[in-house]
Amino acid sequence: MAGAGMAALGSWVPHQRWGREAVFLGFHQGLSTLLARKLEWTPRWVPACRPKSSVSFLSRPDLSNLACKKLKGKSPGIIFIPGYISNMNGTKALAIGEFCKSLGHAYIRFDYSGVGNSDGNLQECTVGKWRKDVLSIIDDLAEGPQILVGSSLGRWLMLHAAITRPQKVIALVGIATAVDDLVTQFNQLPVEVKKEIEMKGVWTMPSKYSEKGVFDIQYSFIKEAEHHCLLHSPIPVNCPVRLLHGMKDDIIPWHTSIQVADRVVSKDVDVILRKHSDHRMKE
C-alpha cells in the first residue's frame, strides 16, 4: 500500500504477528475484524501538538487549531481522514489505530476545523478549509511517506491531498467513497427545491447517521464544494489505490467507487465491494 514498488500493506508488515489479516489481499477482512473489536488505545504526545484536557492540538497561526492524536512508529505512517462531521474517536479511527499500533506503524487521527475538539465554527467550514486541514496534518505533523485512509467525505479530501502532495502521499485506501457526492445529490434535486434551499441558506438532509435525524448543510458549503469536484476529468493520482464500498450503502452508491477507479490515472487500483455492508461498514 505504499512506495513506488508497493502493491500492498502486507509488503512491509510482519505477517507472523497478524497472519492473514496483515496481508493487503485480505486487508479489508482484517479491517472489518478490527472495526468490530472497537479497541481503545493511548497514543503518545507529540512535540508538534500542545496538550489540553487529554487532547493534543496542532497550532496554526492563521487557521483553526486542530485536535490530533499521534502514535509514533515506523514508516510509512497512516493518516485517517474522517467523514462529514465525524471525529477522530469513531469506530474505524480507533480500530485502525489499534491495527497500526500492533504492527508498529506510525498513525495520526484528527478532527476537522469546527468538528469534535478542534477550534473553529462548523457553520463557516467548507470542503476547501477541510482540504487545508488535511494538508496541515501531512505537512506539519506527519513524518515521511504516508498512506491515507479516508472514509466517505474523507476519501474526497484524500484524493485532493494525493494530487497536491504526490511525493509524500504514497497510497490511498478509501472507505465508502463520497467524491463530489454532496454536489451531485444537490444538482439532482428538483429546481424548486434547490431554489428553496438557496433562499433558506441551508439544506436539511435526512440521515439516520445523525442524532437529530438530519444534517443541516449550509448552502454556501455546497456551492464552495463545486470548486473541488473531481469526477469531471481524469484524476491525476498515480499511487496505489484501494476502494472499499458496501453494496447496501444507502448514502453513497457503490457505483461512485467504480467511477473514481475509472477516473484515477493510476494503474494500481482495486475496488472491493462488500455485499452486505452499509455506509459505515461497521460490521
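A residue counts as exposed when its relative accessible area is over 50%, as buried when that area is under 20%, and as partly exposed in between. I begin with this cut-off because Glu143, at 60% relative accessibility, counts as exposed. Please keep in mind throughout that the structure before you is a predicted model.

Let me stay with Glu143. Which residue does Glu143 pair with in a salt bridge? The partner is Lys70, and the closest N and O atoms of the two are 3.1 Å apart. The pair links distant parts of the chain: Glu143 sits in the loop between helix H4 (127-141) and E6, while Lys70 belongs to strand E3 (residues 66-71), 73 residues apart. The two partners fall into opposite classes of accessibility, for Lys70 has a relative accessible area of 9% and is buried, whereas Glu143 is exposed.

A second salt bridge also involves helix H4. The side chains of Asp139 and Arg165 meet at 2.7 Å, N to O. Here again distant parts of the chain are linked, with Asp139 in helix H4 and Arg165 in the loop between helix H5 (153-164) and strand E7 (169-175), 26 residues apart. Asp139 is partly exposed, its relative accessible area being 36%. Arg165 is likewise partly exposed, at 26%.

The third pair I wish to present is Arg242 with Asp270, whose closest N and O atoms are 3.4 Å apart in a salt bridge. Arg242 lies in strand E10 (residues 241-246) and Asp270 in strand E11 (residues 269-274), so the salt bridge ties together parts that are 28 residues apart in sequence. This pair does not stand alone: salt bridges that share partners join Arg242, Asp268 and Asp270 into one network. Within that network, Arg242 is buried at 4% relative accessibility, and Asp270 is partly exposed at 37%. How many salt bridges does the model contain by this rule? The count comes to 7, and the pairs I have described are among them.

I turn now from charged pairs to buried positions, and return to helix H4, where Ile137 is placed. Is Ile137 buried or exposed? It is buried, with a relative accessible area of 0%. Setting aside residues up to four places away in sequence, Ile137 touches Leu58, Leu66, Ile79, Ile108, Phe110 and Ala142. Leu66 deserves a separate remark: Ile137 and Leu66 are 71 residues apart in sequence, and their C-alpha atoms are 8.6 Å apart in space.

Another buried position is Ser151, with 7% relative accessibility. Ser151 is found in strand E6, which covers residues 146-151. With residues up to four places away in sequence again left out, its contacts are Phe80, Ile81, Pro82, Gly83, Lys92 and Ile175.

Finally, let us consider the surface. Which residues make the nonpolar surface patch of about 280 Å²? They are Met247, Ile258, Val271 and Leu273. One of them, Ile258, lies in helix H9 (residues 255-263). Ile258 is partly exposed, with a relative accessible area of 40%. Membership of such a patch requires over 30% relative accessible area, and Ile258 satisfies that condition because its value is 40%.

To close, I would draw your attention once more to helix H4. This helix holds Asp139, which is linked to Arg165, and also Ile137, whose relative accessible area is 0%. Thank you.

Key
Residues numbered from 1 in each chain as written. Predicted model: local features only at pLDDT ≥ 70, side-chain atom pairs only at ≥ 80, totals over all residues. Heavy atoms only, no water. Patch = residues over 30% accessible without salt bridge, like charges linked within 9 Å, V, L, I, M, F, W, Y side chains within 5 Å. Areas by Shrake-Rupley, 256 points an atom, 1.4 Å probe, with all protein chains shown as cover. Salt bridge = Lys/Arg side-chain N within 4 Å of Asp/Glu carboxyl O. Helix = DSSP H or I, 4+ residues; strand = E, 2+ residues; numbered from the N terminus. Buried < 20%, exposed > 50% of the residue type's maximum accessible area, 1.4 Å probe, protein only. Contact = heavy atoms within 4.5 Å.
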